[in-house]
Amino acid sequence: IAYLQAPGPEAARLRNFLFLYYLGANIKSATLNLTQPITTGIPVLMQYGEAAPQRIMVAAKDVVANIKFKDGVPYFDHDALGSDLAAALREAEADSTVNEQLVYEIMAKSRGEVMANERLRIARAMAYMFGTAEVFNRRTMFIAAYRMGKELEAAGKLPVKFKGAQDFAETVTKDSQYGSTP
């Protein structure tokens with residue numbers, strides 16, 4: 001039983017391979033992952049307002065429109081969202097709510113070991129599509145929820161369990177996107 005609960009490095013390598021094969025390097029998995037804002041995000045956000053589908057669509061358009069390139073390298077232009085939302089999104093990225101490295105954290109958990117730099121670069125390249133889809137989903141949900149949270153807050157209708165729009169957006173994002181922890 002102890003081995004089943006804490007398997008050795010051979011099982012960690014197998015989990016890493018299975019993650020990369022079934023999720024990380026699989027175009028179908030990355031494409032299916034892009035449906036999360038619709039399949040899980042809308043129902044969560046609908047609890048707080050009926051315009052959830054429209055909010056998610058607008059947020060998704062903003063995420064796509066604000067992907068910029070500098071010297072051929074893509075980056076997300078937070079500032080184009082306005083200073084308040086940009087600051088909130090940066091904070092959410094810093095605390096792993098909208099974390100560009102989430103897919104790598106999942107991989108590390110599945111490995112149970114630290115990989116050498118070369119192996120890590122190869123694994124990151126293989127998981128790029130899945131990771132990009134995950135970031136898109138989380139940014140989309142955070143932006144949609146933050147905007148809704150600000151409106152609810154201004155109208156005095158933000159549920160008391162939330163400390164503000166930031167807390168509302170972080171909670172909705174976490175509730176609507178599958179995390180790597182139980």
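**Exercise 1. Leu18 and its patch**

Task: Decide whether Leu18 is buried, partly exposed or exposed, and find which patch it belongs to.

Solution:
- Step 1: In this predicted model, Leu18 has a relative accessibility of 34%.
- Step 2: Buried would need under 20% and exposed over 50%, so Leu18 counts as partly exposed.
- Step 3: Now place the residue: Leu18 is found in helix H2, which covers residues 9-24.
- Step 4: Look at the surface around it. Leu14, Phe17, Leu18, Tyr21, Tyr22 and Leu23 make a nonpolar surface patch of about 610 Å².

**Exercise 2. Salt bridges that link distant parts**

Task: Work out which helices are linked by the pairs Arg55–Glu151 and Glu93–Arg139.

Solution:
- Step 1: Start with the general idea. Side chains of opposite charge can pair when their charged atoms come close.
- Step 2: The structure holds six salt bridges, and one of them joins the side chains of Arg55 and Glu151, at 2.6 Å from N to O. A salt bridge has to be within 4 Å, and this distance of 2.6 Å fits.
- Step 3: Arg55 sits in helix H5 (residues 52-65) and Glu151 in helix H9 (residues 128-154), so this pair links parts of the chain that are 96 residues apart.
- Step 4: How covered is Glu151? With a relative accessible area of 48%, Glu151 is partly exposed.
- Step 5: On to the other pair: the side chains of Glu93 and Arg139 meet in a salt bridge at 3.2 Å, N to O. Glu93 belongs to helix H6 (residues 83-94) and Arg139 to helix H9, 46 residues apart.
- Step 6: Check the cover here too: both Glu93 and Arg139 are buried.

**Exercise 3. A salt bridge inside one helix**

Task: Explain why Arg138 and Glu134 are separated by about one helical turn.

Solution:
- Step 1: The side chains of Arg138 and Glu134 form a salt bridge, with 2.6 Å between N and O.
- Step 2: Both residues are in helix H9, and because they are four residues apart there, about one helical turn separates them.
- Step 3: As for cover, Arg138 and Glu134 are both buried.

**Exercise 4. An unusual backbone angle**

Task: Find where Asp71 lies and say whether it is buried or exposed.

Solution:
- Step 1: Asp71 isn't a glycine, yet it has a positive phi of about 55°.
- Step 2: Asp71 lies in the loop between strand S1 (67-70) and strand S2 (73-76).
- Step 3: The relative accessible area of Asp71 is 75%, so this residue is exposed.

**Exercise 5. What surrounds Ser176?**

Task: Describe the surroundings of Ser176, leaving aside its neighbours within four places in sequence for the contacts.

Solution:
- Step 1: Ser176 lies in helix H10, residues 165-176.
- Step 2: At 1% relative accessibility, Ser176 counts as buried.
- Step 3: With those sequence neighbours left aside, Ser176 is in contact with Thr40, Gly41, Val44 and Met141.
- Step 4: Add the polar side: the Ser176 side chain makes a polar contact with the side chain of Gln177, at 3.3 Å.

**Exercise 6. The whole chain**

Task: Sum up the protein chain: how many helices and strands does it have, and what share of its residues is buried?

Solution:
- Step 1: Count the elements: there are ten helices and two strands. From the N terminus on, they run α-α-α-α-α-β-β-α-α-α-α-α.
- Step 2: Of the 182 residues, 42% count as buried.
- Step 3: The accessible surface comes to about 10,400 Å², and 61% of that belongs to carbon and sulfur atoms.
- Step 4: Among contacts between residues at least 6 apart in sequence, 68% join residues at least 24 apart.

Conventions: Residues numbered from 1 in each chain as written. Predicted model: local features only at pLDDT ≥ 70, side-chain atom pairs only at ≥ 80, totals over all residues. Heavy atoms only, no water. Patch = residues over 30% accessible without salt bridge, like charges linked within 9 Å, V, L, I, M, F, W, Y side chains within 5 Å. Areas by Shrake-Rupley, 256 points an atom, 1.4 Å probe, with all protein chains shown as cover. Buried < 20%, exposed > 50% of the residue type's maximum accessible area, 1.4 Å probe, protein only. Polar contact = N/O pair within 3.5 Å; in protein donor to acceptor, adjacent residues only side chain to side chain. Contact = heavy atoms within 4.5 Å.
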